[in-house]
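Reader: I am new to protein structures. Could you show me one and let me ask about its strands and charged pairs?

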Amino acid sequence: RGSDLMVTFATGSVAIMAANWVAAARKTGMQDVLVGALDDSMMVACAQQGLPCVRIEGGEVTKALKAFNGNLRDRADLYPKMSVLKVGFYRELLFLGYNVWACDADAVFISDPRPMMREWPWTLADMAVATDCIDIPSDSRYPLTHCDYNTGLVYMRARPEVFNFTERWRETIAIAKEKRIRDQAAFNMLTKQSRPTQLRVEGDKVAPRVLLSTDGADGKVKLGLLPLSRYLNGHTYFVQHAHTLPDAPPPISVHMTYQFAEGRTFAHGKRQRLRQAGLWYVDDDSYYNGRYVMVSPSAATLPEKSMGPQIDSREAVKYHLDESRHRLRLLRSLLGVAKALGREVILPRMLCYCDFMWKEMEHCRVGGAETMRLPFECPMDHVLNTPNFFENNNVGVSVRESNFLSNLRVPRNVSANIAKVTLSKGLDDREVIRALEPYRDASVIELSDADGLFCGFADSQADASFKQTSNELLTYHRLPFCTIEGSNNAPMFSQCCSPRKPGDKFFPCMHGFDPPEALPRCAHPSSLVQVG
């Protein structure tokens, strides 16, 4: 009684994400973890992988899930009902005496959060919650309440105030007429019925980051707002890279929000971000034990340019798109070489010179992230249509994250067995095979450059197929860049790209991310490998 229990929920379709959540929690030393299994396939996965699970039954939801295999967030009719189950289960655990860490399966722990919650002022909080804010400097001065509280990470203590709150939370979702009222929306509705006030104790002593919030009735709940600098989200961790700043405190968790690659069957963008961060623990050994081709770090990007805090978005976007075109030329060439050799591609380092957001930006930075560094190491989903690589990859070449070789799970016989080669330009598949035959036993072939290297396949049918499938794989139809610059002082909340009605000001857009350029003409050089 009074111990902390880490809890998440999953269906069988995201069992691997839940398994990674458990593995991450255990790596921090937390053993008291529990997965609420929402369908039979999740229970099967739990048994196979040795995950601590309990079956959550929900009548209509349970029946519907038997015929459904996809992302529950896409089911507006099911997701609110599932939210009712979740909150009801939290309440049962609270009544059993557990303090509950309620987590989405994509909210991964990097270190143990429990010691912080045993310190003042957090001991005063009935509950604590993460937020969707991205402005770490402001949040470090005072807790930000204007953003949504994100119920993908909520801490609840087994106290009467929380028993009452969770019952109102569950009921609010259950009786909501609008399907958009899910657990997060309901939580925010209840706790923000009036402006939260700072908790004061022992006379007038301020309890930092603990607020008196409404509880959905006529009472108050002491709500702690978890610090953005330690409980990071998809923007602060993978775009701002705030945890790498000088004097940044060690992160406690990261939640995979602000990403752009759900996919039809799985959140591939989230997994790739976790892989790149070294926070994905559940790939099989075979993932790390293949044969690969890559481009040298010096040729992976254009010459790096720093984009200061006053850079004009239009200038930054232009170089961002130059970098994108360079990246696609490299990737198309690497995919061709890998297909010819029967290898897999280690992606090149990817740099972004502008943020990727669905709203207006100034200096290529979104509001709240004005101090972020440009360029930054891109998440894959910022610059490539990530689900294509895992659901519709008709090229038939698998990829690995750019920092793959630094992963400690890569065996030494792979990471230390690298052949560095300089090839001539304009080679077809047969010439590539001949040129690299002396290096066939190398686990990794590192090409000094790949831009303009591969010209296609000698067989006309194979050539046509590769050109079509690689074009499909590398084409990314994404949102344009919406810039404040060039808007003629358009007011806040103006529309992006075009006016709402004739005469309105708007934020202009810059488009890009065209299909990849055509492969170069075959040169058939007499010397396939360059020496020196």
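Author: Here are some questions on a sheet and on salt bridges, with short answers. This is a predicted model, where local features need pLDDT of at least 70, side-chain atom pairs count only at pLDDT 80 or more, and totals for chains, interfaces and linings use all residues. Residues are numbered from 1 along each chain as its sequence is written, and side-chain values use heavy atoms, with hydrogens and water left out.

Reader: Which strands stand at the edges of the open sheet?

Author: Strands are DSSP runs of E with at least two residues, and helices are runs of H or I with at least four, numbered from the N terminus. Two strands pair if DSSP finds at least two bridges between them. Three strands make up this open sheet, in the order β5-β12-β11 with mixed pairing. Each edge strand has a single partner, so one side is left without a neighbour in the sheet: these are β5 (107-109) and β11 (231-232).

Reader: Which residue in β12 is the bridge partner of F109?

Author: β5 pairs with β12 (residues 253-255) in the antiparallel sense, over three bridges. In β12, the partner of F109 is S253.

Reader: How many salt bridges are there?

Author: Side chains of opposite charge can pair when their charged atoms come close. The rule for a salt bridge is a side-chain nitrogen of Lys or Arg within 4 Å of a carboxyl oxygen of Asp or Glu. One network of them links R91, E167, R170 and E171. By this rule the count is 29.

Reader: How far apart in sequence are the parts tied together by K86 and D104?

Author: The side chains of K86 and D104 meet in a salt bridge, 3.9 Å from N to O. K86 lies in helix α4 (residues 79-95) and D104 in the loop between β4 (99-103) and β5, so the parts tied together are apart by 18 residues.

Reader: Is K86 buried or exposed?

Author: Buried means under 20% relative accessible area, exposed over 50%, and partly exposed in between (1.4 Å probe, protein chains only). D104, at 13%, is buried. K86 has a relative accessible area of 4%, so K86 is buried.

Reader: How many residues apart in sequence are the parts that R329 and D451 tie together?

Author: R329 forms a salt bridge with D451, with the closest N and O atoms 3.1 Å apart. R329 lies in helix α12 and D451 in the loop between β22 (444-447) and β23 (454-456), so the separation in sequence is 122 residues.
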